[in-house]
Amino acid sequence: MQNAIEIKYLTREEKLRMVDALWADLLSEEELLESPAWHKAALQETEKRLEEGKERILDWHTAKKEK
């Protein structure tokens, strides 16, 4: 990358602004993004386990603690 920014020198706020800008840019071309087949299969399997009572829903903080 010719115009690469040295990320390590950015402030936390600048890094977060860059992340927001990147997501906004990616979402502006959402129709060009295609989810891979394995991802759809993984989501369907999780949904099936949830319906069968073999999966539970956790909030983010609890899930991170159980990691």
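1. Lys and Arg count as positive here and Asp and Glu as negative, with His and the chain ends left out. On that footing, Asp25, Glu29, Glu30 and Glu31 form a negative surface patch. Bear in mind as you read on that this is a predicted model. Of the patch members, Glu29 is found in the loop between α1 and α2. Its relative accessible area is 39%, so Glu29 is partly exposed.

2. There is a nonpolar patch to look at as well. Which residues make the nonpolar surface patch of about 500 Å²? Val19, Trp23, Leu26, Leu27 and Leu33 do. Leu33 sits in the loop between α1 (12-28) and α2 (37-51). Is Leu33 buried or exposed? Exposed: Leu33 has a relative accessible area of 52%, and the class starts over 50%.

3. Leu32 is worth a glance too. This residue lies in the loop between α1 and α2, and Leu32 counts as exposed because its relative accessible area is 63%. For a sense of distance, take Leu32 and His61: they are 29 residues apart along the chain, and 32 Å separates their C-alpha atoms.

4. Now the helix that follows this loop. α2 runs to 15 residues and spans 21 Å from its first C-alpha to its last, close to the 21 Å expected at 1.5 Å a residue. After α2 comes Gly53, with a positive phi near 80 degrees.

5. On to charge pairing. Side chains of opposite charge can pair when their charged atoms come close. How many salt bridges does the structure hold? Five. One of them joins the side chains of Arg17 and Glu13, at 2.2 Å from N to O. Where do the two partners lie? Both Arg17 and Glu13 are in helix α1, four residues apart, or about one turn of the helix. An α-helix has 3.6 residues a turn, so residues three or four places apart point the same way. Arg17 is at 52% relative accessibility and therefore counts as exposed.

6. Another pair is Lys54 with Glu52, whose side chains meet in a salt bridge at 3.4 Å, N to O. Are the partners classed alike? Lys54 has a relative accessible area of 61%, so Lys54 is exposed. Glu52, at 42%, is partly exposed.

7. Then look at Glu66 and Arg56, which form a salt bridge with the closest N and O atoms 2.7 Å apart. This pair links distant parts of the chain, ten residues apart: Glu66 belongs to helix α3 (residues 60-66), while Arg56 is in the loop between α2 and α3. Glu66 counts as partly exposed because its relative accessibility is 45%. Arg56 reaches 54% and so counts as exposed. Besides these pairs, Glu45, Arg49 and Glu55 are joined into one network by salt bridges that share partners.

8. Last, the segment after α3, which is where Lys67 has its place. Why does Lys67 count as exposed? Because its relative accessible area is 90%, and exposed means over 50%. The C-alpha atoms of Lys67 and Lys15 are separated by 26 Å, with the two positions 52 residues apart along the chain.

Methods
Residues numbered from 1 in each chain as written. Predicted model: local features only at pLDDT ≥ 70, side-chain atom pairs only at ≥ 80, totals over all residues. Heavy atoms only, no water. Patch = residues over 30% accessible without salt bridge, like charges linked within 9 Å, V, L, I, M, F, W, Y side chains within 5 Å. Areas by Shrake-Rupley, 256 points an atom, 1.4 Å probe, with all protein chains shown as cover. Salt bridge = Lys/Arg side-chain N within 4 Å of Asp/Glu carboxyl O. Helix = DSSP H or I, 4+ residues; strand = E, 2+ residues; numbered from the N terminus. Buried < 20%, exposed > 50% of the residue type's maximum accessible area, 1.4 Å probe, protein only. Expected span 1.5 Å × (residues − 1). Charge placed at Lys NZ, Arg CZ, Asp CG, Glu CD.
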